[in-house]
Amino acid sequence: MTPGDLTQAKTKLIQATHEMAANLFTPYRMGKFDLSHRVVLAPMTRCRAINGIPLPVHAEYYAQRTTKGGFLITEGTLISDTAAGFPGTPGIYTEEQVEAWKKVVDAVHSKGGIIFCQLWHVGRASNRVYQPDGGAPISSTNQSVSDKWKIIMPDGALDVPHKPRALQTHEVWQVIEQYRQAAANAIRAGFDGVEVHGAHGYLIDQFLKDSINDRVDEFGGSIENRCRFLMEIIKVVAEEVGTDRTGVRISPAIDHNDATDSDPLSLGLAVIERLNKFQNEIGSKLVYLHVTQPRFTANGTKNYGEQEEDEEARLIRTWRRAYQGTFMLSGGFTRELGMKALAGGDTDLISYGRLFISNPDLVYRFKVDAPLNGYNRETFYTQDPIVGYIDYPFLDQENGEVTH
């Protein structure tokens, strides 16, 4: 074979590999997990737990959205009694919660699915009604979230976030330990792994973003110090459950809960640089990095002009090229946009939220390119265990009719 023939053969191999990867429905090896497709259930707050405890209906909800070889990430799950900012949020810090989650995990595993628990602390995006003894929410700062952001009260009414209390340095280390223990609890509950929620203006993001973090200790100031809280959490969680069971979510460029940074591109690269360094030092990769697109908002996705779309694409592609491992995107994807992102090599996996709420059989509908059920925002965060939760209809896979 001549050098020219060898080059041509290599080019064809690369093209063939790329074509195989550029599809929502082709398999993917995510660390040690063999996924049958690239459509992931995104973590979404659903507010259906009681006293922090998942119910039997949780098992049905997740099982409905499970496919063999499919990957699911739970709703944000509280790491401690100070972590809540929504009603009806499940936790993973008591034995009763661990036991209840076992039923959910078993239901997913019985259908051949893979499920991670998202570890969550909302930090300052809370209200005293959710805090032990009505105390102030904890954060990296004493600065409040602006009143344009609202907190859903237990009765469904809206209130403002309450002024937080900045954690003392020794307390920061205590919260890091809570993440470690929550990860250990998740594995005891049977989860295949955990996702550390470092996005959307919640506690970890409050340390990362320079518009919020005004600390003068080892967790504030320089970008390295602002990344320290996240990295210390990653280290203890990975040490506890293994890098092969640890994923992380970040959102350097979105402003949810007033979480803005003066240089989101550099912030994202700083986090990625430290994740890569950590992986290289221990010789083992995290399961994935999960990034929310800049266009994501609490009420949908922003309508971008061409210039904004180009800038978003530049951010995402820069982070994608920099990260040494599996890359997942979320935020307003449709079937078409998901296919395009994979075909362009912008991501390995795509997580879907709102479309998965209203279409428990989303993977099948995508596969046959069937019409989708519309979703009802009014029931996203209600406590009704049926309506808006497990009552969305399926598409009959034999005759294409909608069934309940």
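This passage looks at two buried residues and one pair of helices in a predicted model.

A good place to begin is Thr326, which sits in the loop linking helix 8 (306-322) to strand 15 (327-330). With a relative accessible area of 7%, Thr326 is buried, because residues under 20% are counted that way. The side chain of Thr326 meets the side chain of Tyr28 in a polar contact of 2.7 Å. Tyr28 is also one of the contacts that Thr326 makes beyond four places in sequence; the others are Arg29, Met30, Val287, Tyr288, Leu289, Asp348 and Leu349.

Ser139 offers a second view of a buried site. Ser139 belongs to strand 6 (residues 138-139), and its relative accessibility is 0%, so Ser139 is buried. Here the side-chain partner is Gln206, joined to the side chain of Ser139 by a polar contact of 2.7 Å. Leaving out residues up to four places away in sequence, Ser139 touches Arg124, Pro164, Arg165, Ala166, Leu167, Leu203, Gln206, Phe207 and Arg215.

Attention now turns to a pair of helices. Helix 2 (residues 56-64) and helix 3 (residues 95-110) have axes that come within 8 Å of each other and cross at roughly 25°. Because this angle is under 35 degrees, helix 2 is roughly parallel to helix 3. The crossing of helix 2 with helix 3 is right-handed. From helix 2, the contact draws on His58, Ala59, Tyr62 and Ala63, while helix 3 contributes Trp101, Lys103, Val104, Ala107 and Val108. By residue type, this contact between helix 2 and helix 3 comprises 7 nonpolar, 1 polar and 1 charged.

Notes. Residues are numbered from 1 along each chain as its sequence is written. This is a predicted model: local features need pLDDT of at least 70, side-chain atom pairs count only at pLDDT 80 or more; totals for chains, interfaces and linings use all residues. Side-chain values use heavy atoms; hydrogens and water are left out. Helices (H or I, at least four residues) and strands (E, at least two) are DSSP runs, numbered from the N terminus. Buried means under 20% relative accessible area, exposed over 50%, partly exposed in between (1.4 Å probe, protein chains only). A polar contact is a pair of N or O atoms within 3.5 Å; within protein, one must be able to donate a hydrogen and the other to accept it, and residues adjacent in sequence count only if both atoms are side-chain atoms. Contact means heavy atoms within 4.5 Å. Axes are lines fitted to C-alpha atoms, for helices over the stretch in contact, and angles run from 0 to 180 degrees between N-to-C directions. Angles under 35 degrees count as roughly parallel, over 145 as roughly antiparallel, 65 to 115 as roughly perpendicular and the rest as oblique. A crossing is left-handed if the near helix is turned anticlockwise from the far one by less than a right angle, and right-handed if clockwise. Ala, Val, Leu, Ile, Met, Phe, Trp, Tyr, Cys and Pro count as nonpolar, Asp, Glu, Lys and Arg as charged, and the others, Gly among them, as polar.
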